[in-house]
Amino acid sequence: MKRKMKIEDLSRPAQQLVTLEPSDLLPLPPPYDEPRPLKELTEEQRQRYEASLDGIVGLGVTKPANAQEEEEFVAKFLSGLKKLLSKENNWTFIQPLLHSLDYCVKCQLCNDSCPAYLSSGKQEIYRPTFRPEVLRRIINKYLKKENSLLARLTASNIELNFTLLARLAELAYRCSLCRRCAQVCPLGIDNALISREIRKLFSQEMGIAARELHEQGTVQQLKVGSSTGITPKALANIIAFMEDDIEEKTGRKIKIPVDKEGAEVLLVHNAGEFMAWPENPQAFAILFDAAGIDWTLSSQIAGYDAVNYGIWYDDVQAARVAVHHAEAARTLKVKKICVGECGHAHKAILVIADRVLTGELNIPRESALPLLEHLVLSGKIKLDPKRNDFPVTLHDPCNMVRLMGIVEPQRKILRAICPQFREMEPHGVDNYCCGGGSGFAIMQSMNFPDWRNSVSARMKMKQILEAFADVSEPAQNKYVCAPCSNCKGLMRDMFEFYGATRKSNIFYGGLVELIVNAMVDLQKPFLTWEQL
Ligand code: SF4
Ligand code: SF4
């Protein structure tokens, strides 16, 4: 149910501030237009976790047992907030954070750029400026006397208590950090950064982070080698399987290079590819072999998993993983690191890691997309577009496209090898997030997946259906090219949730698979719809 919300309501006791009704949500075209209520929490879950924001639990903050625990919770938060606003403790992001906190003129131009806000039917709490305003008010009321930098912020009306903070923590996990709002802001305010800094405060100061990102993600990656749980030994088995599979599919006996010292290129995939979509690293291997590229994979801890979940919630964890990535390259003495089809890994290794990789760890790092573009457009590999003669649309991963400006390589490839390529609207730097950004795609706690599919991913579902509106009949296979592991993870769940493959034969996959599918000297098609 939509109702007018005020910032100060966030501190007030209530069973649930917002209830998402199916009739409020962004309409989808038939046969996807049936109203579908969101899954409710069990009574036990409600008792245990603070879920009074919107009845959804992504993070799962447990309730304090007594008044003393509540006081400690608030005190820790304030201590973390002070650190967030100090140069010594937050040298990584203090400048854009202060700019974003200080200079918003509340024009609200950014609201209608937010897919979560629009898909929810404009629920006030998902407005891009709502979270930042909560933080500003806390700073004004509780810290400004202690920090002259903040004196120019206006006085605020807010009551600091456990309920407010637990709701704020959950709210930081209703923003996919897509930065679409930041792009339209005339003053360069980055509300996504503020969401991310709120997550960081809770993680670094209070030990509160999404389990899938921290314990099952970063901690596992640094311990066993990959956030998927794949150990170096398991990787060796997977690679042997991939070599057999390539031979079976193509008749080619390809030795996938691992730990090859001095190679030109260290290719790093999101390790989710090895588990869920092995055809993607297989396609890279086939293409690089055919092009004669001097490349290798690494079997070192984190060297075979480009994932760096720290960039979504914690600077310390992000730095640890980035150093492991660079160490893998340094040990192998490769000339450069090349990141496969993973958007957030692009941001982590190619952008954020600049803040920590210095000296001999500052190894050249680049995206695989321009290299793929070169291989396709140079004519080095013989390709026949007729092999990809089915409708294809392109999803733009936010981190590659909006953040880094890698817009054209993937389009030039698709225009060259997919005769029925069509754009989604809007696209390029104006794209909508898949809905799985910032960890959402892997967050599976309680009813969060329902919220993700119903709200966060809804705009993307609508865009995909519209892109294929002229070929909507189920007899026609359709392909959403998503050159990002994380986006593919979202699509896997979203297509299942909406029955997109069953109802409309919509499939998803990567970019390099389409390139290999078009290779003229492969006897059989590389893509098999049944396996997508
Ligand atoms: S973030 Fe930018 S666009 Fe949004 S309200 Fe503030 S100044 Fe306006
Ligand atoms: S970053 Fe994206 S999801 Fe978050 S508030 Fe901005 S537009 Fe919405």
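These points go through the overall fold, one sheet and the surroundings of two ligands in a predicted model.

1. Overall dimensions. The C-alpha trace of the chain extends about 70 × 55 × 45 Å along its principal axes. The radius of gyration is 23 Å, which agrees with the value near 24 Å for a compact globule of 532 residues.

2. Burial and contacts. Of the 532 residues in the chain, 50% count as buried. Sequence-distant pairs are well represented: when contacts between residues at least 6 apart in sequence are taken, 78% of them join residues at least 24 apart.

3. Secondary structure. The chain holds 23 helices and 8 strands. Four of those strands are dealt with in the next two points, and some of the helices return further on.

4. The sheet. Strands E6, E5, E7 and E8, in that order, make up an open sheet of 4 strands with parallel pairing. Its edges are strand E6 (421-422) and strand E8 (506-509), each of which pairs on one side only. In general, the strands of a sheet pair through backbone hydrogen bonds, in either a parallel or an antiparallel sense.

5. Detail of the E7 and E8 pairing. Strand E7, residues 478-481, runs parallel to E8, and the two are joined over 4 bridges. One position can be checked by eye: Tyr479 has Phe507 in E8 as its bridge partner.

6. A helix on the sheet. Helix H18 (residues 408-417) packs on this sheet and touches strand E5 (392-394), E6 and E7. The direction of H18 makes about 175° with that of E5.

7. Ligand 1. One part of the shell around ligand 1 is the run Cys104, Val105, Lys106, Cys107, Gln108, Leu109 and Cys110. The other residues surrounding ligand 1 are Thr129, Cys185, Leu187, Ile189 and Asn191. By class, the shell has 8 nonpolar, 3 polar and 1 charged residues; cysteine is counted as nonpolar here, a point to keep in mind when reading that division.

8. Ligand 2. This ligand is surrounded by 14 residues, and the closest are Cys114, Cys175, Cys178, Cys181 and Ala192. The shell around ligand 2 divides into 8 nonpolar, 4 polar and 2 charged residues.

9. Helices at ligand 2. Two helices, H7 (180-184) and H8 (191-206), each supply at least two residues of the shell around ligand 2. The largest contribution comes from H8, with 3 residues.

Note on methods. Residues are numbered from 1 along each chain as its sequence is written. Chains are lettered from A and ligands numbered from 1 in the order in which they are written. This is a predicted model: local features need pLDDT of at least 70, side-chain atom pairs count only at pLDDT 80 or more; totals for chains, interfaces and linings use all residues. A residue is near a molecule or strand if its C-beta atom, placed from the backbone, lies within 6 Å of it. The radius of gyration is taken over C-alpha atoms; the globule rule is 2.2 Å times the number of residues to the power 0.38. A residue is buried if 20 or more other C-beta atoms lie within 10 Å of its own, exposed if 12 or fewer, and partly exposed in between; C-beta atoms are placed from the backbone. Two residues are in contact if their C-beta atoms, placed from the backbone, lie within 7 Å. Two strands pair if DSSP finds at least two bridges between them. Axes are lines fitted to C-alpha atoms, for helices over the stretch in contact, and angles run from 0 to 180 degrees between N-to-C directions.
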